[in-house]
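Biologist: I am new to this structure. Please take a close look at a single part of the surface for me, and then follow the chain outward from there.

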Amino acid sequence: MEPEELADYNERLASPPEFDLADSDRLGLFVVSRLAARHDIRVTLRGSPYGGTTAIVLIPEEHVAEPEPEAPAIAVQKEPAARPMRVVRSD
C-alpha cells in the first residue's frame with residue numbers, strides 16, 4: 001500500500017466519514033472506524049516489514065477482561081498397571 005493510501009485510511013479510521021454507498025468497496029473500513037469510535041478504540045494501519053499491512057489496535061483497559069482462574073486440577077486416576085502378558089502355545 002502506498003504511503004498516501006495508508007494516510008487516507010488512517011484518517012478515515014481516526015475520523016469516520018458519513019456513510020457513502022458509492023464507496024461500498026471500503027465498507028469494512030467504515031464499520032471498523034465507527035465501532036472503534038463508539039468504544040474509544042484506536043486503530044492504525046502501517047506497512048509491515050514482512051510485506052503487506054499491519055493493523056495496530058489499542059483497546060482501553062476497561063474493555064479487556066482478566067482470564068478466568070483455572071479450575072483446580074482434579075486428581076486423575078492412574079491407569080491400572082498393564083496386565084502381565086501370558087504367552088499361550090499350542091503344540
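Modeller: Start with L27, which is partly exposed, with a relative accessible area of 38%. Keep in mind that this is a predicted model. L27 lies in helix 2. Helix 2 covers residues 27-38.

L27 has company at the surface. Together with F19, L21, V31 and L35, L27 makes a nonpolar surface patch. The area of this patch is about 450 Å². Membership asks for over 30% relative accessible area. L27 has 38%, so L27 passes that cut-off.

Now take V31, another member of the patch. V31 is also found in helix 2. Its relative accessible area is 38%, so V31 counts as partly exposed and clears the 30% cut-off too.

From V31 we can step across to helix 1. Helix 1 spans residues 3-14. L13 is found there. V31 and L13 are 18 residues apart along the chain. Their C-alpha atoms are separated by 9.3 Å. L13 is buried, with a relative accessible area of just 9%. The limit for buried is under 20%, so 9% falls inside it.

L13 has a second link to look at. S33 is 20 residues from L13 in sequence. In space, the two C-alpha atoms are 4.5 Å apart.

How much of the whole chain is buried? Of its 91 residues, 14% count as buried. L13 is among the buried residues.

Stay in helix 1 for a moment. Here R12 forms a salt bridge with D8. The closest N and O atoms are 3.4 Å apart. That is within the 4 Å cut-off, so the pair counts. Side chains of opposite charge can pair when their charged atoms come close. The spacing along helix 1 also matters here: R12 and D8 are 4 residues apart, which means about one helical turn separates them. R12 is partly exposed, at 23% relative accessible area. D8 is partly exposed as well, with 34% relative accessibility. How many salt bridges are there in the whole structure? A search finds 1.

Next, follow helix 2 to its far end and beyond. A loop runs between helix 2 and strand 1, and D40 is found in this loop. D40 is exposed, because its relative accessible area of 57% is over the 50% limit. The backbone at D40 deserves a look. D40 has a positive phi of about 60°, although D40 is not a glycine.

D40 also belongs to a charged group. With E61, E62 and E66, D40 gathers in a surface patch of negative charge.

After the loop comes strand 1, residues 42-47. Its partner is strand 2, residues 53-58. The pair is antiparallel and has 6 bridges. Two examples help you find the pairing. V43 has V57 of strand 2 as its bridge partner. R46 has T54 of strand 2 as its bridge partner.

The hairpin of strand 1 and strand 2 has 5 residues between the strands. G51 of this hairpin takes a positive phi near 100°.

Put the pieces in order. The protein chain has 2 helices and 2 strands. From the N terminus on, they run α-α-β-β. Within that order, the salt bridge of R12 and D8 sits in helix 1, L27 lies in helix 2, and D40 has its place in the loop between helix 2 and strand 1.

Definitions and conventions: Residues numbered from 1 in each chain as written. Predicted model: local features only at pLDDT ≥ 70, side-chain atom pairs only at ≥ 80, totals over all residues. Heavy atoms only, no water. Patch = residues over 30% accessible without salt bridge, like charges linked within 9 Å, V, L, I, M, F, W, Y side chains within 5 Å. Areas by Shrake-Rupley, 256 points an atom, 1.4 Å probe, with all protein chains shown as cover. Salt bridge = Lys/Arg side-chain N within 4 Å of Asp/Glu carboxyl O. Lys, Arg positive; Asp, Glu negative; His and termini not counted. Charge placed at Lys NZ, Arg CZ, Asp CG, Glu CD. Buried < 20%, exposed > 50% of the residue type's maximum accessible area, 1.4 Å probe, protein only. Pairing = 2+ DSSP bridges.
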